[in-house]
There are 2 protein chains.
Amino acid sequence: MNQALSEIIPVLREAGNVLIATHVFPDADALGAQLALGNILRSMGKGVYLYCEEPAHYILEFLPGSDRLNIGLPEVDQFDCGVALDCGDDMRLGKVKDDLLNIHPFVVIDHHTGHKNFGDIRWVDAGKSSTGEMVYELAQAMGADIDYDTAYCLYSAIVSDTGSFKYASTTADTLRIAGDLIAKGVKPAEISGKIFDNFTRNRLQLLQEVLATLALYEDEQLAVITVSREMYEKTGTTAADTELFINYPRSLERVKVAAFIKEAKEYIGVSLRSKGLYDVSQVARMFGGGGHRNAAGFKLREKDLAGVQKELLTELHALLLTPQN
Amino acid sequence: MNQALSEIIPVLREAGNVLIATHVFPDADALGAQLALGNILRSMGKGVYLYCEEPAHYILEFLPGSDRLNIGLPEVDQFDCGVALDCGDDMRLGKVKDDLLNIHPFVVIDHHTGHKNFGDIRWVDAGKSSTGEMVYELAQAMGADIDYDTAYCLYSAIVSDTGSFKYASTTADTLRIAGDLIAKGVKPAEISGKIFDNFTRNRLQLLQEVLATLALYEDEQLAVITVSREMYEKTGTTAADTELFINYPRSLERVKVAAFIKEAKEYIGVSLRSKGLYDVSQVARMFGGGGHRNAAGFKLREKDLAGVQKELLTELHALLLTPQN
């Protein structure tokens with residue numbers, strides 16, 4: 001067992017009351033891992049408080065227990081232990097991060113590259129496909145039971161963060177763990193349907209609009225798509241409907257780096273994807289964002305779409321021209 | 001070990017010279033399983049002849065050994081054993097099926113629902129995700145070595161026939177076997193890239209054209225998309241570029257059954273997909289085609305697009321109205 005795990009296990013065993021937090025705008029990995037760890041600790045007789053700055057987005061409401069998420073923070077001195085899941089740095093905990101970090105010991109479990117250390121005890125491993133995979137390993141190491149709901153949440157976390165086992169982060173262990181979770185009764189087609197097959201007719205129309213914006217640069221190695229507020233209005237959709245659209249420019253055979261520029265009311269959001277060794281998290285960090293080597297993003301509180309696009313293209317061109325090794 | 005496997009193993013062990021055939025227009029499962037079984041039998045000292053009616057399609061040329069496929073058939077009496085992989089019936093072997101079936105014993109390994117028996121010794125199991133998964137199990141049962149190239153072919157077969165582990169045919173064993181193959185050095189992102197991320201710019205334009213044809217019926221439970229010869233001309237694409245387009249109407253959240261009608265020079269092709277218990281292979285068989293419960297298809301040698309569409313819609317409406325259990 002690795003060093004970090006062997007430190008975390010006695011801390012969790014001894015704690016009576018545990019607060020589990022995850023990052024703002026939680027995705028299926030963050031929320032799935034959180035709900036699963038909650039179930040696991042509850043099965044060990046612990047009191048569990050699940051905290052996140054916002055309630056679960058409606059597309060994640062299929063995760064069993066998602067209604068147990070709390071958006072309010074009570075007095076923190078009632079907790080013997082805090083846990084942050086899937087947070088690359090403490091800013092990801094949101095507005096009440098200082099209150100949360102007053103809980104000691106504070107355990108951090110994360111798989112982001114470029115993770116910035118915080119908390120008291122850390123298990124950070126960028127070689128893991130997902131935080132869901134790490135929570136599974138933690139449960140195994142503790143000899144804890146994984147029931148159907150927990151398996152459902154962990155499978156959702158893993159399948160979502162690996163793009164259904166397509167990303168480079170997918171390892172032999174990832175697939176074997178997923179196999180174990182299916183053996184607990186989880187239905188892959190059901191969960192994949194919830195995560196990937198949730199297009200509405202309006203959303204498919206939005207996809208057509210967005211695909212029409214495709215721009216290619218650098219001998220088709222760099223692809224950019226854009227969504228405007230006008231397109232949302234025209235098709236009756238919202239930003240949540242653009243989930244996974246970035247995979248279309250990414251799927252072009254010659255593309256090494258793909259960007260999706262999203263115009264919103266208050267800000268401009270950018271999702272970045274890359275293949276192989278190109279590290280888009282470097283570029284995201286230049287703009288105050290973060291992420292992984294092959295998947296990253298950032299948000300800017302300004303509204304000059306053309307300006308953002310120009311600045312971003314300069315940095316992405318530079319990334320493409322830098323030898324990767 | 002199951003009965004069929006225990007009959008097949010001694011036959012393969014005793015044979016000196018084996019012909020391995022797969023179906024016309026082979027997909028990644030058919031060709032991957034064929035190339036893998038070829039490697040496995042060669043490693044056991046057998047002479048191996050890989051037969052298919054056509055050479056590998058260019059999008060499958062990434063499979064190691066795909067250049068070893070033979071499109072000509074020599075005198076069949078030189079073979080001690082014939083094997084058909086991934087063929088739901090003997091028609092799928094193509095024009096020379098009668099010559100092929102003169103080889104005895106003739107072994108059949110297949111996972112299609114509605115399989116029509118042929119050959120001398122059959123291992124047919126519609127519960128398997130792919131013929132690739134079956135060839136893996138055969139190799140394990142024979143104690144045969146699976147080298148890197150073989151693992152590469154089998155992983156490609158499995159990931160392709162399960163839509164990257166999204167289809168209902170994906171089992172705990174499927175994922176564990178895929179995990180074992182990764183442990184042999186196969187890179188999931190590399191293979192998924194070859195199979196799923198092979199869009200050209202022209203192909204993405206064709207996708208936009210095809211998505212614009214989307215028609216929904218029966219309270220959005222039935223979705224139909226169409227590609228015309230005009231669209232191919234406009235975008236500089238061919239029928240091969242429509243691979244997987246059927247997944248777009250299928251991914252609509254309310255859709256139970258999806259159809260993709262493809263106009264070609266000599267015929268009209270139809271791909272069908274369904275979710276859950278709706279069995280589209282029933283409808284495909286009415287039109288002389290075949291397939292699985294959730295994925296089937298057929299071809300008609302006529303050119304009346306509107307007529308085909310009307311007749312097909314009648315049958316699909318009927319399928320939707322039939323209680324499934």
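Here are two short exercises on the interfaces of this predicted model.

**Exercise 1.** Describe the interface of domain 1 and domain 2 of chain A.

*Solution.* Start with the layout: chain A splits into domain 1 (3-196) and domain 2 (201-321), and their C-alpha centres lie 27 Å apart. Next, look at who touches whom: 12 residues of domain 1 are in contact with 12 residues of domain 2. Together the two domains bury about 860 Å², with carbon and sulfur atoms giving 51% of that. On the domain 1 side, His112(A), Thr113(A) and Tyr167(A) supply 43% of the buried area, more than any other three residues. Now for the chemistry. The rule finds 0 salt bridges here, but 3 residue pairs do make polar contact. That squares with a look at the domain 1 side, which has 7 nonpolar, 5 polar and no charged residues.

**Exercise 2.** Work out what chain A brings to its contact with chain B.

*Solution.* Count residues to begin with: chain A puts in 39 and chain B puts in 38. The chains bury about 3,500 Å² between them, 62% of it on carbon and sulfur atoms. Of the area chain A buries, 18% comes from Lys166(A), Leu175(A) and Arg201(A), more than from any other three residues. Then check the polar side of things: there are 2 salt bridges across the interface, and one of them joins Asp180(A) to Arg176(B) at 3.2 Å, N to O. Polar contacts link 8 residue pairs. Finally, map chain A's side onto its helices: α6 (172-183), α7 (188-196), α8 (201-211) and α10 (247-250) each supply at least two residues. Helix α6(A) gives the most, with 8 residues. By type, chain A's side divides into 21 nonpolar, 9 polar and 9 charged residues.

Note on methods
Residues numbered from 1 in each chain as written. Chains lettered and ligands numbered in written order. Predicted model: local features only at pLDDT ≥ 70, side-chain atom pairs only at ≥ 80, totals over all residues. Heavy atoms only, no water. Domains from an automatic or database assignment. Contact = heavy atoms within 4.5 Å. Buried area = accessible area lost by both parts, 1.4 Å probe. Salt bridge = Lys/Arg side-chain N within 4 Å of Asp/Glu carboxyl O. Polar contact = N/O pair within 3.5 Å; in protein donor to acceptor, adjacent residues only side chain to side chain. Nonpolar A, V, L, I, M, F, W, Y, C, P; charged D, E, K, R; others polar. Helix = DSSP H or I, 4+ residues; strand = E, 2+ residues; numbered from the N terminus.
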